[in-house]
Amino acid sequence: MEILDSIFLNTKKIFLDLLGCWLPDWMILLVNIGIIIGVIAVLGPVIMMYLTLLERKIIGRMQNRIGPNRVGIFGILQPIADGIKMFTKEDIIPQNADKIVHFLAPVLMVIPALLAFAVLPFGRGMIPVNLNVGLLFFIAVSSTSTICVFMASWASRNKFSILGGMRSAAQMISYEIPMVLSVVPVILSAESLSTYAIVEAQARWSGLHWFVFTPWGLLAFIIFFLCGVAECNRSPFDLPEAESEIVAGFHTEYSGMKFALFYMAEYMNTFTVSALAATLFLGGWEGPVLPSWLWFFIKTHALIFVMFWFRGTLPRFRVDQLMGLAWKLFLPLTLINIFVAGGYHLISDRNFRVAGASAVLLVSFLLFTVFLNRKYMPEKRRYDLVD
Amino acid sequence: MMIPLEHYLIFAATLFAIGIYGALIRRNIIGILISIELMLNAVNVNLVAFSRSTSLAPETGQVFAIFVIAVAAASVAVGLAIVIALYRVRKSVYTEDIHLLKW
Amino acid sequence: MPKSYTVQNTDLLDTQTLEVNFGPQHPSTHGVFRMFVELDGEVIVTLKPVMGYLHRNHEQIAENLTYLGIMPYTDRLDYFNAMTNNLGYAMAVEKLAGITVPERAQYIRVIVSEFTRLINHLSLVGFLLNDLGAFFTPILYAFREREKILDVFEEISGSRMMCNYLRFGGVKCDLSPAVLETMKKITRNFPKFLDEFEALLSKNEILCMRCQNVGVLPKELAVNSSITGPVLRASGINYDIRKVDRYSLYDRFRFRVPLGRKGDTYDRYYVRVLEMRESVKILEQALQDIPVGEILNPKTAPFAKAPRNFKPPVGEDYGRIESPKGELGYYVVSDGTPQPWRYHIRAPSFINLTILEDICLGHKVADAIIILGSLDIVLGEVDR
Amino acid sequence: MFFGLGVLRGLMVTLKNFVTSYFMPPDRGGLFTVEYPEKRLPVIERFRNFPFLVYDKDPENPRCVACEICANECPTKCIYIEKDTDPNKKPLRRPAIFDIDITVCMNCGICEEVCPFDSIYMDHPFEVASSDRLEKLLFHKNDLLKSNDYFHKIRPTHAAAIDARRRAVEEKKKSAAVKPSETGQPPKAQNGGKP
Amino acid sequence: MELLNLAGIAGVYTLMLVILIAAVAMVTLRSLFHSALALAAVLIGIAGIYLTLQADFLAMIQILIYVGAVMTLIIFAVMLTEHLSHQTVRQNNRQSPLAIAGICAFLFCLTGVIVRTPWPLQPQNQTATITAMELGKAFMGQYVFAFELISVFLIAALIGAIVIARKDK
């Protein structure tokens, strides 16, 4: 299994040794970095293209229909067809739009999405850049996309996009805070910010060793995942581009290639957020039999399936409910979660009495916050059938 | 990576000078606030540059830099709150219109 | 010289209201319907519905056609339920001309209009969920069931939606035993589908949060603006024309009328789900004891070949039925010639639309779209 | 009850549909789509699309006698008929021109009901789209004429009933014609007075 | 290898140049929105400078706090106050030539001082990369009082901002 596990590492080493015979050694260093950058630059868009196809197939199957199967055997070439369509579509710039900012917004939207790939541990030893502040890098980079949303909505100068821009910025900010706080317990128990060390920490513990099996880990995982969904403006929280209300939110005035960039940024965010959730809580590339990078992709695609599943089923939140959920439900839960995780980590590592106590504490606090928000909870309705 | 300390200091100084220039000539209050941000950042660069080459414990510079960032964020928050309150009353954010102590 | 400083109004950041047109091409208004909305931030200040984009001059055309010639036009009024439109028109003319309808034809008419009620409520719930943002899943489940019923309609009348199936004094063609069998199968496993549909939607917290206490229609406003149909019953008023007029055979079937209590969007949604369950009960009873016999009153047979000679006596009449959207009435005035002198339709969607502004004020933009969806309007019927 | 329960139950419904769409038959949660151009749904017998004219033996003399009842009764007035005239300008009981403008026709089936000579019925093919709006969408007589066995092919029961009724009328007329000749009275002037 | 080092140093100098250009642009651009974006560019540049000074925790903090939150705040303020319509108002008042002269003089003597003073250099600190662990120990150890004070200060600023900006009913 070892060979299969580090198959990519070996091929790279062989390739570099091959080059080594007639290139100076510092050039090899550059080539190594070049390979990594090339892999990410190719991996990002390809993942994005095949996520769009995967989404349409999955949601199709949920609705008892087939999903795209005309282009290529099972619709394999559909993303390429979409790409060509996006290229050839005419690129309309509104007349009184702010030309530079209008052009810059989609480009700057894609850059953070691509940068986030640099920190994900794809497999044992296969991490593009092993920063010791990897997790913080991911959060910082994903928070810069708010500005691009502002630029897009301000530059197109129309009512709908400004309304959408304000809404999505407010949503992104209010979901960033619970997201950051829900990651703190993981850092606390893995004692390091680097994603590689976090995955190794999950491998070190004996028994069921993923963070998601600890009580605070489960709560943090749910909150992190939901905030991640909100961060990339997807399903139950996809208010900014709510078609039924304000047409298409901040990218109303975009068409052709620019719209494709927004689309690409959204899907890459989907991939990176679920990859990070898998790394932090589901043990990254930890797995019994299969090679490590395969485990990583299985877990990430499981979480991506859940995101598409949300999109296929759940209706959309309204603006105030959306904000209420973030500030009144997620934030208090994450704060308490940090205390419980601290206590859990301090008292002992793995015995069940402590786990039970913290679970009870967490569930009681959850019910308490739900009780506090009961004004927003749905009420039971009775109907009388009259003759 | 041997960049002499002086180069960082000169860079920070010029950044600081640009910040002052911006603060002096801008007519829009938000413009002034932005320039003050720039000046604070220039100070941060200095702190971090010094932290690596003086006799003190290496992390003191960074601790101070983080404190400066915290204070700067708080100042921007309060500053912009005041700007919005002003705009609500005065309908303009230009420094000429705001020179009455009480209206 | 400093500018003169008059103390401006010291009210607070008066963001000027934003006029937004949810125009005829908006993705979620059902057909060509415009709402001129004035927004203060997110909250609706004024809302003015603008209609008439789909006006096809239906009543004027009808005055130059024979009575039979109007029948295919009534399919296109409320294009979701053609059969109940035909039924309303046929009953009005039969009352005018004094034609009785044989037993089996009455049963077929009840079966067919109850199936149409299922279709209409299915697609309403689907479109309402579409406005709420559920990405097409509920509507595709609803349309899967609707396809089965439309295939049955095609078997009996020849066309899925534009059925043109009823004639004065009965129906155009008979139900073959095979069609009766498929109808029984559909009504047998419809409740199972409804349970799955409700499991997906009714208890869904997001749906409840979005729909409860949104667009509350008080009782007296509903009565004063002559609202009819499920929208009225969701506000708690027991007025169902099938029970009030007891027209055709409805007094023979045991079924109950669901009533809501608060009259908000969630009640309007759930009352329609309960009505679907009641319609399935009626269908089971009707399909059970449908008699054998002729399907067209022999007195009207000669007119089938020559609609020109069908001249109802001079006079006027108003026939009304409980269409899935409310009280659908036909007012026909005849002057002895084969063409009606005056022909008017009381469209329930048009009248239910008048209260849109009153129940939308104070709500957010997203709610206005859902309230419009819950009123279940079809532009063909509104603009005629 | 617990906040997220309804949402979870809804998710289970879609998951069940996702799973069953792979192996269940169409009506119990399986795949419902029929891939149109390759596989098609069977056309239902009573389906009515645009009308067509029936002729018994050869297209020259269709059943239609150009009585224009259908043209008058058609709600949208989309039928145009002109009588045929023999060489010396005497009108014949046959249509020279019989046009149906299918952009106007709403396939309501009234012409089929009112035609006393069983000559016009509703057809089945629905793929009649064409790029040219005027010329190709105006069906002339030779586009409309179709044989009786084509009528049998697309509408077996209905065509059989029509033919049975026509044969009954034929017998009654023949028997009526035979009976007076047996009783010696001169046959009514059936066909130009020839015996 | 020294080619690589050279490239690295050249990279740092170009980064400094880019930051200076963005800062000048920020100060002189007419539309406030554009100058806010220029500020964002400067901030990201300065995060890059921290990386070259091996202060990567600080760089990430800088991006997260400044570019993530402070910039959003500034752009919100710009959107709320700037009318969509006119952009023609002159952004700079009349003292700019005088200001330029004064600032150049100030800059000149400052650089003179920087170049002349003999900075006490401690070579062994040059390469020590400070990880988040040491910063955490410093915060909880030597500077714990300042840390608590800053949190009180932030809360006060938070509440103050809300009270001022709130549209009191």
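Trainee: How much area does chain C expose, and what share of it do carbon and sulfur atoms supply?
Mentor: About 13,200 Å², with 58% from carbon and sulfur (Shrake-Rupley method, 1.4 Å probe; for residues, only the protein chains shown count as cover). This is a predicted model: local features need pLDDT of at least 70 and side-chain atom pairs 80 or more, while totals for chains, interfaces and linings use all residues. Residues count from 1 along each chain as written, chains are lettered from A and ligands numbered from 1 in written order, and side-chain values use heavy atoms, without hydrogens or water.

Trainee: Okay, how many salt bridges are there over all chains?
Mentor: The whole structure has 55, each a Lys or Arg side-chain nitrogen within 4 Å of an Asp or Glu carboxyl oxygen.

Trainee: What does R384(C) pair with?
Mentor: E59(C), with the closest N and O atoms 3.1 Å apart. R384(C) follows α16 (379-383) and E59(C) sits in helix α1 (58-62), so the bridge ties together parts 325 residues apart in sequence. Helices here are DSSP runs of H or I, at least four residues, and strands are E runs of at least two, numbered from the N terminus.

Trainee: Are those two buried or exposed?
Mentor: Both R384(C) and E59(C) are buried, meaning under 20% relative accessible area; exposed is over 50%, partly exposed in between (1.4 Å probe, protein chains only).

Trainee: Switching topic, which residue does R233(C) bridge to?
Mentor: D240(C), at 3.9 Å from N to O. R233(C) is buried at 0%, and D240(C) at 1%. Both belong to a salt-bridge network that includes E114(C) and R117(C).
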